[in-house]
Structures are given as structure tokens and as C-alpha cells.
Amino acid sequence: MSEHADTNAPLDGNSAAGLLHELFAVDLTSANVTCVGCGTVAEIGRERAYGGAMGVVLRCVHCEAVVLRMVRTPAGCWLEMLGARNLFVPAVEG
Amino acid sequence: MPATEAVAAPRRLEWLTATVTDVIVETPRVKSLVQDVPRWPGHRPGQHVDVRLTGEDGYQAQRSYSIASAPEAAHLTLTVERIEEGEVSPYLAGEVRPGDQFELRGPIGGYFVWTVAAQGPLFLIAGGSGIVPLMAMLRHRAAASVAVPARLIYSSRTFGDIIYRDELDRLMARRDGLEIVHTLTRSQPAGWSGGMRRIDREMVASAGFPSSQRPRTFICGPTQLVEYAASTLQELGHEASLIKTERFGPTGGVG
């Protein structure tokens, strides 16, 4: 990780780990999400991430459909997961 | 794993105060900050932290930085490259002195992570400061004294831009199964025996492991390098699920 510009070039879903941790008590980047659009199952860390410190849009690594949107505002935090059929959080290894 | 194992131990992220104990100049643009972080919960190689700086007027800027130190190390170390027009890195990689404090939270991210328990072979590809999370993996591998076969391809602009150059030499001199290939894309010193071009298919194929060995592969660096290396490996028959990437954004990006 390092500083990067807020451009249209996507990063990896892994970059949204800190933001997601504000809502989820477990690390979500190693969780598998199933895309409603195409059925692809991928770790959140592998999806395409658009956005910055204030919010993120995660798109399916295969079909680019939006699987998760999260935005932080001064009033609170929005999470939308219409594009995710389910989320599988694996047990800890070791 | 035991059947009673809970789903990833829930833990709330909280902001901690880091006190810089040492500043190591790695290259003209890169510094490592060795820190004391009370209540640091420990980490796994490849994870990162969020750093938050607060100005006197209350303005806050936040960025993510990879952890460079092994979990076995006594202190947490971040390595930061100075991005000229950045908000955070000019301070962290420029003005920070021992005794200075800032806020951080972590460790963050369980996806781009490798421990010796995950076994190998371990194949690492880095561009520029993309070496940082991969160095945490190599330091961990050395500290754990586990001779997991490992290979690193590391692309830098010039000889002077190679981060951790001496330590990488020492790690390879242990002859415990680690091979390192450097490539310099902009200029090379006289007598340079490493690569002299951007990472390409031939380099990935010859310096890496065959797909039949199913290497755990981690690629970190500028977007262009990461995407090229990841797609090349898939063309060479490597499973996508074994290739993990961490993009830094556009090449030469500012932020």
C-alpha cells in the first residue's frame, strides 16, 4: 500500500479492508462473495475497488457488476449489497 | 483446523498511538519508520495499517501503508515512499523524527497474507515500494527458519532505488531456498548482472516456479506491473485463485 491518486483506475478489494472493518468485526477481504449478476464467487480482496477513504464501490472481478457499495458520511455509514447473493466468512486458519 | 474454531476472531479496529523510535533511510525517496505501538495486537505478513495525521486546525488525512516488519520482530515497521504531491507521505517519509507520534489502526486485511503455515512455494513479484508487504513475508520466512522455496522478482528504476538492497542480499546468502532476481528499468550500474528491462513474460517464466508446483503468488506494485504479471502468469497456466495482487494505483501516480 502507499498513497495513490483518486483516479478511475480500480484497486484491489483488499484496499477497502480498513473501511469495511468499521462495520464488520471480522476481516471481510478474505470472505467469499457471490455475484448476483454472473454467479462468480471471489474473495472481497480480489474484487475491483473504486473509491477512496470516504467510500468504496466493489465490482465483480468477472462481470464488473456492483456487488457492494459503502459510503461514510458525517451522519453515518451506508452499506448496500444488492449485487451480492451471499457472503461466506471462512473460519480462521491455524 | 479444529471443528470448534470460531469464524475469524471478531475485533474492533481502534486508533492506537505510534511513537517513532528509529528512522531508516532506505533510498533517497523511501524511509522506514520503526515504532513502538502500545497494545499492538500482532499481525500477519502482508497486512497493512491505516495512518491518520491530524493538523493543528483539526484537518485529518488518512492513508494505508503496508507493514514491513515480520510478526516476530520486536517493533512494528512501516516503509513509506515519498509521493511529492501527497498529503501524508511527505511527512512520514520526510519530516518524521524519533520521538514523533501519529495515530494508526490495524492490522488490516486478511486476503493478501502469507505465513509459513500456508507453505509454498512462495513466488513474489514487486515493483518499487510494492516490495514492502512482500518483505514482511520474507522476513517472516527467515525468522521462522522454514526453508519454503521462495523466489522474488523485484523491479526498480535504478540501483539506488532498490529498497532493502543489503538485507535482500543477506537473505539470499543464507542459501535456504530463496532466489532473488533484480531488474532495473531506467539505468544500470557498470557490470550489472541483473535484468535491464521491465518485468516480462520471459522473466516471469524463467525466474518463477512452473504452474505444476502451484506456487502461492503475491504481486504488489503499480497497477500496470501488477496486471501484466498477473495476466502473464495465468497465460502460463497458473491458477487465478493462487495469485493475489495489491495495486498501488497508476504508474507514477500522485496522491
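Select B:P107 in strand β6 (residues 101-108) of chain B. Strands here are DSSP runs of E with at least two residues, helices are runs of H or I with at least four, and both are numbered from the N terminus. Look at the bond leading into this proline: from B:G106 to B:P107 the peptide is cis, with omega near 0°.

This is a predicted model, in which local features need pLDDT of at least 70, side-chain atom pairs count only at pLDDT 80 or more, and totals for chains, interfaces and linings use all residues. Residues are numbered from 1 along each chain as its sequence is written, chains are lettered from A and ligands numbered from 1 in the order written, and side-chain values use heavy atoms, without hydrogens or water.

**Chain B: loops**

Go next to B:P121, in the loop between β6 and β7 of chain B. Here too is a cis peptide bond, between B:G120 and B:P121, with omega about 0°.

Now pick B:Y164, in the loop between β8 and α3 (165-173) of chain B. Its phi is positive, about 60°, yet B:Y164 is not a glycine. Is this side chain's residue buried or exposed? B:Y164 counts as buried, at 4% relative accessibility. The cut-offs are under 20% relative accessible area for buried, over 50% for exposed, and partly exposed in between, using a 1.4 Å probe and protein chains only.

Jump to B:R214, in the loop between α4 and β10 of chain B. B:R214 is another non-glycine with positive phi, about 45°. This arginine is partly exposed, with a relative accessible area of 38%.

**Chain B: helix α5**

Select residues 223-235 of chain B, helix α5. Measure between the end C-alpha atoms: they are 18 Å apart, which agrees with the 18 Å that 13 residues should span at 1.5 Å a residue. The expected span is 1.5 Å times one less than the number of residues.

Show the buried residues of α5(B): B:T223, B:L225, B:V226, B:A229, B:A230, B:T232 and B:L233. Their cover includes β7 (122-127), β8 (150-156), α4 (201-207), β10 (216-221) and β11 (243-247) of chain B. Past the helix comes B:G237, with a positive phi near 100°.

**Chain B: two domains**

Colour domain 1 (16-108) and domain 2 (116-247) of chain B separately. Such bounds come from an automatic or database domain assignment. The C-alpha centres of the two domains lie 24 Å apart. Across the boundary, 17 residues of domain 1 are in contact (heavy atoms within 4.5 Å) with 17 residues of domain 2.

**Chain A: strands**

Switch to β4 (residues 48-52) of chain A. Strand β1 (residues 11-12) runs antiparallel to β4(A), joined by two bridges. Two strands pair if DSSP finds at least two bridges between them. A:L11 stands opposite A:A49. Five bridges join β4(A) to β5 (residues 55-59), also antiparallel. There, A:G51 faces A:V56.

Colour chain A by pLDDT, the predictor's confidence in each residue from 0 to 100. The chain averages 88, and 88% of its residues score at least 70. Among its elements, β4(A) has the lowest mean (88), and β2 (residues 32-35) the highest (98).

**Chain A: cysteines**

How many disulfides are found over all chains? The search finds zero, a disulfide being a pair of cysteine sulfur atoms within 2.5 Å. Select A:C38: its closest cysteine sulfur, in A:C63, is 3.7 Å away, too far for a bond. A:C60 is in no disulfide either, its nearest cysteine sulfur being that of A:C38 at 3.7 Å. A:C38 is partly exposed at 34% relative accessible area, whereas A:C60 is buried at 0%.
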